[in-house]
Amino acid sequence: MGCEIYANNMVPAGSYICLNCKKETVLHLKDYLPPCNACGGDVFALNAMIDLSEEEIKKKFTEITELMIMATYFTEEMKMDGFVPVLALNLKMLLANDAESLLPRLFPNFTFDKATPNYKNNIVMPDELFALPFEQIRIDEFLNQTVVFRGNREPITVIKMIDTVVEKQGIHAIKESMHEDEYLSASSAKFYFPVIAKHIIRKIGINYEEKIKEILFKIQIKNFNPSGGESPVI
Ligand SMILES: [Zn+2]
């Protein structure tokens, strides 16, 4: 059987059936799966996934948007490309994590502004990505939108950019071994992801400038103070 699950592994919330005695073990949160409490068996089959509660989804969403705001700031203002994979992962979880994408779960009517049709040099520049606020497109339409047109070769789409960076875990590790379209996706990502992140943030009603100030302030007052003196005065 290809779907056996072993005790003592971290597993998602769900119902697990002991393959030895068929007793059910239910986990309400992601946790280590204990051995069966009836027979001590340690091989299980997944019976049913338990949906995250509304409360858990909201909490996760808040965490991800805060992380995305920080990663946007560090990528854009501090030129720290190491945060691009963080942005890719945040965008993936919000938009393109199949049935579990957080943004449509919490904002079922979410739409993106449409990109300009008047792209130059076969590229939709980042600042043209949401050029038409009076025309709206669905999340899946946005993800499949072409960013770089490449004649009769496969275009670079938004989702391709996100997936390439998520899969390759960064834009530095891979330069030698990447295919041309992967390289193009990964190297463009740092220009597009912050723009996409800010668009989402604005559309869900968060003021980016205020939020980043608030986050930076929080980081600053929690800062480790090696001199052992007073907390920094801001
Ligand atoms: Zn058992």
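**Helix packing and cores in a predicted model**

The buried residues of α5 pack against α2, α4, β9 (146-148), β10 (156-157) and α6. In α5 itself, the buried positions are Val158, Lys160, Met161, Ile162, Thr164, Val165 and Lys168. The model examined here is predicted. The protein contains seven helices and ten strands. It has 234 residues, and 23% of them are buried. Among contacts with a separation of 6 or more, 51% join residues 24 or more positions apart.

The largest nonpolar core holds 35 residues. Leu87, Ala88, Leu91, Met161, Ala189 and Phe193 touch the most other members. Two or more residues each come from α1, α2 (84-95), α3 (102-106), α4 (139-143), α5 (158-168) and α6. The greatest share is that of α2, which gives eight residues. A second core is separate from this one and has five residues. Cys18, Leu33, Cys36 and Phe44 are among them. In soluble globular proteins, nonpolar side chains tend to be buried together.

Three helix pairs were examined in turn: α2 with α5, α2 with α6, and α1 with α6. The axes of α2 and α5 come within 9 Å and cross at roughly 120°. The two helices are therefore oblique to each other. Their crossing is left-handed. On the α2 side, the contact uses Val84, Pro85, Ala88, Leu89, Leu91 and Lys92. On the α5 side, Ile162, Val165 and Val166 take part. Eight of these residues are nonpolar, none is polar and one is charged. Ile162 and Val165 also appear among the buried residues of α5.

Helix α2 also meets α6. Here the axes come within 10 Å, and the crossing angle is roughly 45°. That angle makes α2 oblique to α6. The crossing is left-handed. Val84, Leu87, Ala88, Leu91 and Leu94 of α2 form one side of the contact. Ala189, Lys190, Phe193, Ile196, Ala197 and Ile200 of α6 form the other. The contact comprises ten nonpolar residues, no polar residue and one charged residue. Val84, Ala88 and Leu91 of α2 serve in the contact with α5 and also in the contact with α6. Leu87, Ala88, Leu91, Ala189 and Phe193, which belong to the contact of α2 with α6, are also among the residues that touch the most other members of the largest core.

The remaining pair joins α1 (residues 54-76) to α6 (residues 180-203). These helices pack at an angle of about 140°, with axes 10 Å apart. That makes α1 oblique to α6. This crossing, too, is left-handed. From α1, the contact draws on Thr65, Met68, Ile69, Thr72, Thr75 and Glu76. From α6, it draws on Lys190, Phe193, Pro194, Ala197, Lys198 and Ile201. The residues divide into six nonpolar, three polar and three charged. Lys190, Phe193 and Ala197 of α6 take part in the contact with α1 and in the contact with α2.

Elsewhere, Thr25 lies in strand β4 (residues 24-27). It counts as buried because 20 C-beta neighbours fall inside 10 Å. Leaving aside residues up to four places away in sequence, Thr25 touches Tyr16, Cys18, Leu33, Pro34, Cys36 and Phe44. Of these partners, Cys18, Leu33, Cys36 and Phe44 belong to the second core. Leu46 is 21 residues from Thr25 along the chain, and their C-alpha atoms are separated by 9.8 Å.

Two loop residues show positive phi values. Most residues other than glycine have a negative phi. Lys22 has a phi near 70°, a positive value in a residue other than glycine. It sits in the loop between β3 (14-18) and β4. Lys22 is exposed, since 12 other C-beta atoms lie within 10 Å. For Asn122, phi is near 65°, again positive in a residue other than glycine. Asn122 belongs to the loop between β7 (112-114) and β8 (132-137). With 12 C-beta neighbours inside 10 Å, Asn122 also counts as exposed.

Methods. Residues numbered from 1 in each chain as written. Predicted model: local features only at pLDDT ≥ 70, side-chain atom pairs only at ≥ 80, totals over all residues. Axes fitted to C-alpha atoms, helices over the stretch in contact; angles between N-to-C directions. Helix = DSSP H or I, 4+ residues; strand = E, 2+ residues; numbered from the N terminus. Parallel < 35°, antiparallel > 145°, perpendicular 65-115°, else oblique. Left-handed = near helix turned anticlockwise from the far one by under 90°. Contact = placed C-beta atoms within 7 Å. Nonpolar A, V, L, I, M, F, W, Y, C, P; charged D, E, K, R; others polar. Core = buried A, V, L, I, M, F, W, Y, C linked by C-beta atoms within 7 Å.
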